[in-house]
Amino acid sequence: MAAITLSGVVKSYGRVTAVHGIDLEIAHNEFVVLVGPSGCGKSTTLRMIAGLEEISGGEIRIGGRLVNDLPPRKRNISMVFQNYALYPHMTVRENLGFGLKIAGQPPAVVAERVAEAAAILGLAELLDRVPGELSGGQRQRVAMGRAIVRHPDAFLFDEPLSNLDAKLRGQMRAEIKKLHQKVETTVVYVTHDQVEAMTLADRIVVMRDGRIEQTGTPIEVFSHPVNTFVAGFIGSPPMNMLPARVSGGALRLADGTGIALPERLAGRAPEGAEVILGIRPDDLSPVGHGLIEAGQGAEVEMTVEIAEPLGMESLILSRLGGQEVQAKLYGPRFVAPGERLTFRIALDRAHLFDAATGRALEAG
Amino acid sequence: MSARRLKAAGLWVATFLLMLVMCLPGLWVVLSAFRPNREILAKPPIWVPQRLTLDNFGKIFGFGAEQVAIPVGSYFLNSLVIAMTSTVIALAVGIAGGYAFARFRFRGKNAVFLGLMLFRAVPGIALSLPIFMLWSWIGLINTRPGLIIVYVSLNVPFTVWLIDGFFRQIPASLSEAALVDGCTRWQAFWRIEFPLARSGIAAAGVFAFLTSWNEFALASQLTRSTASKTLPVGLMDFTAQFTIDWAGMCAMAVIIIVPALILTFLVQRHLISGLTFGGVKG
Ligand SMILES: Nc1ncnc2c1ncn2[C@@H]1O[C@H](COP(=O)(O)OP(=O)(O)OP(=O)(O)O)[C@@H](O)[C@H]1O
Ligand SMILES: [Mg+2]
């Protein structure tokens, strides 16, 4: 039960700097997800919070206590590893109770807490097996059970679901969410999967190259990405990014196609500015087949190159401004390759970024 | 008969011959230990033992009618003390060193490791003269510690190398999980990593023990009396100027072989029980 504060946290491995001064406040009981591409320093950051990695600079506080120089065992956190890291020579029961036993809890207390955790995670029948006799999902649950028995101040998860198949991942995602609701604790969760990040997080921290690009609720990060990196990383399929120039009060794409300036951003894009127009596939749909068709829009003609019907919606690959774009068609309608359709761009949800810096030209 | 059957039969014959060649000397030694000298030396040779006897053992242990003046008891004790002590030390060093090589990064790690392996490549006997001179200066000739030190240095490169390999197989995340679970480094090692590397440590221990237990070349240079002579060296006591007491020698050889067999048998469970690393995703 504690807040976690990182201020100016740096990690260097010799000449390589993996984390460049991170500032992050995680509130008590908050579920924070660190997300970013491979090698961006997520694990390193998590391991510094856990105390498994020394801190090269800055401060980490857990529950107000400076923990920079405390070993992991004095931080009262627990961690779920990507490979689960269950002790192979111990039964599930011993795995769960190990931390309590080390802490010198009497056997009765250990048994009680193990039973409690086993009940929460549905492990009761597995208690006498060893990890080698468990399936991936069961191991995952034991790893989580081992984390909760000690009633720690915070849970740290490092890509806990990446070794599971897609279906199981969905299930475990829901279980983690349930667990967090049941066991009120601060959670720091690392993943490179933006879907996991969106679905689990109270707050998402998008990282790149050892720096935080943006912090915010899933909706904030999705709706108001601060730059092209975040815009491209969050959301699936990814946002279409079309280079354009502001000319005559409108946007002109590379091939000369004209598109009205989003009204919301008009004041932000001066005449002659080089920008990038960001449109999510959901905001680029054949007229009459869009998600929300109110508000400012612009219509463009495009030829369908590939259509991927998914049932209630289809993903359409096409070209706009001389560039491949993805669009979405809502409703069970068949589209054939080569079909020429009028698409509507939901301009009130479009984004503009400075072409040089990649920064969002946000209103307000 | 099909070609496959023929091949299988051929393999059996080959295996049998190979085993025969390998086992025959051993078998002869063991059998001879229970036969009177007369029968061993008989000409033409008597292949099938006529009469088995424990006289040879009685003789070398100083029971029974006939006695030889060979202090087998002292030799046995020397062998045991020297082999056990050097094994324990070589294992301790091997565990510490193997763990360090497997887990820590430090300057000159590769060079040290290579040096250790190269040292193992030097035949021990090539060092016998320098060791002899050194030991005689510092008074370690014909002492148990003198041999123990030699055997430890002979065994350490091997134990370090073998145990390093076993620790390397254990994912670092296991001990990290233990650290987060509340262990000190020391506890994490003893409760998690040590039990998981146990089979490797047992294997290293057996090999170290057998090396020390069977070593002859260096021991024959560095020992000369009951104060430190080991069993293999003591074996030479049976060769007098004109005669060799084959029966006694074979009986003693059995005494050397048996503890080695017993030890190997005791730890074989650890040697063959491959560890299942089910705790981490494979
Ligand atoms: N022991 C190390 N020595 C040198 N560099 C390291 C070390 N560990 C990590 N790094 C570097 O630090 C950077 C961040 O690594 P980190 O493991 O935190 O990435 P990550 O965001 O967790 O990536 P992934 O999604 O692949 O797990 C990487 O560029 C990596 O090469
Ligand atoms: Mg990682």
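## Strand 9 and its partners

In this predicted model, strands 9 and 10 of chain A make a hairpin with two residues between them. A:D209 sits in the turn and has a positive phi of about 45 degrees. The two strands are antiparallel and pair over five bridges. One of the matched pairs is A:R208 with A:R211, the latter in strand 10 of chain A. Strand 9 of chain A covers residues 203-208, and strand 10 of chain A covers residues 211-216.

Strand 9 of chain A also pairs with strand 3 of chain A, residues 31-35. Here the strands run parallel, and four bridges join them. A:V33 stands opposite A:I204 of strand 9. How enclosed is strand 9 of chain A by the rest of the structure? Five of its six residues are buried, so the strand is largely enclosed.

## The N-terminal hairpin

Strand 1 of chain A spans residues 4-13, and strand 2 of chain A spans residues 16-26. They run antiparallel, with eight bridges between them. A:I4 is matched with A:I26 in strand 2 of chain A.

These strands form a hairpin too, again with two residues between them. A:G14 lies in the turn and has a positive phi of about 60 degrees.

## The ligand 1 site

Which residues surround ligand 1? From chain A come A:Y13, A:A18, A:S38, A:G39, A:C40, A:G41, A:K42, A:S43, A:T44 and A:E159. Chain B supplies B:R105. The site is therefore shared between chains A and B. Helix 1 of chain A, residues 42-50, gives the most to this shell, with three residues. By class, the shell holds three nonpolar, five polar and three charged residues.

Polar atoms of the protein approach ligand 1 from both chains. A polar backbone atom of A:C40 is 3.1 Å from a ligand oxygen. For A:K42, an N or O atom of the side chain is 2.8 Å from an oxygen of ligand 1. On the chain B side, an N or O atom in the side chain of B:R105 is 2.9 Å from a nitrogen of ligand 1. Taken alone, ligand 1 exposes 630 Å², and the protein buries 63% of that.

## B:N142 in its loop

B:N142 belongs to the loop between helix 6 (128-138) and helix 7 (144-169) of chain B. Is B:N142 buried or exposed? Its relative accessibility is 16%. The cut-off for buried is under 20%, so B:N142 counts as buried.

The B:N142 side chain makes a polar contact of 2.5 Å with the side chain of B:S228. Leaving aside neighbours within four places in sequence, B:N142 is in contact with B:L222, B:T223, B:R224, B:S225, B:A227 and B:S228.

## Chain A as a whole

Chain A has 364 residues, and 52% of them count as buried. Its secondary structure comes to eight helices and 21 strands. The C-alpha atoms fill a box of roughly 75 × 45 × 35 Å along the principal axes.

How much of the contact map of chain A joins residues at least 24 apart? Among contacts between residues at least 6 apart in sequence, the share is 68%. The accessible surface of chain A comes to about 15,200 Å². Carbon and sulfur atoms account for 51% of that surface.

Methods
Residues numbered from 1 in each chain as written. Chains lettered and ligands numbered in written order. Predicted model: local features only at pLDDT ≥ 70, side-chain atom pairs only at ≥ 80, totals over all residues. Heavy atoms only, no water. Buried < 20%, exposed > 50% of the residue type's maximum accessible area, 1.4 Å probe, protein only. Pairing = 2+ DSSP bridges. Near = heavy atom within 4 Å. Polar contact = N/O pair within 3.5 Å; in protein donor to acceptor, adjacent residues only side chain to side chain. Areas by Shrake-Rupley, 256 points an atom, 1.4 Å probe, with all protein chains shown as cover. Nonpolar A, V, L, I, M, F, W, Y, C, P; charged D, E, K, R; others polar. Contact = heavy atoms within 4.5 Å.
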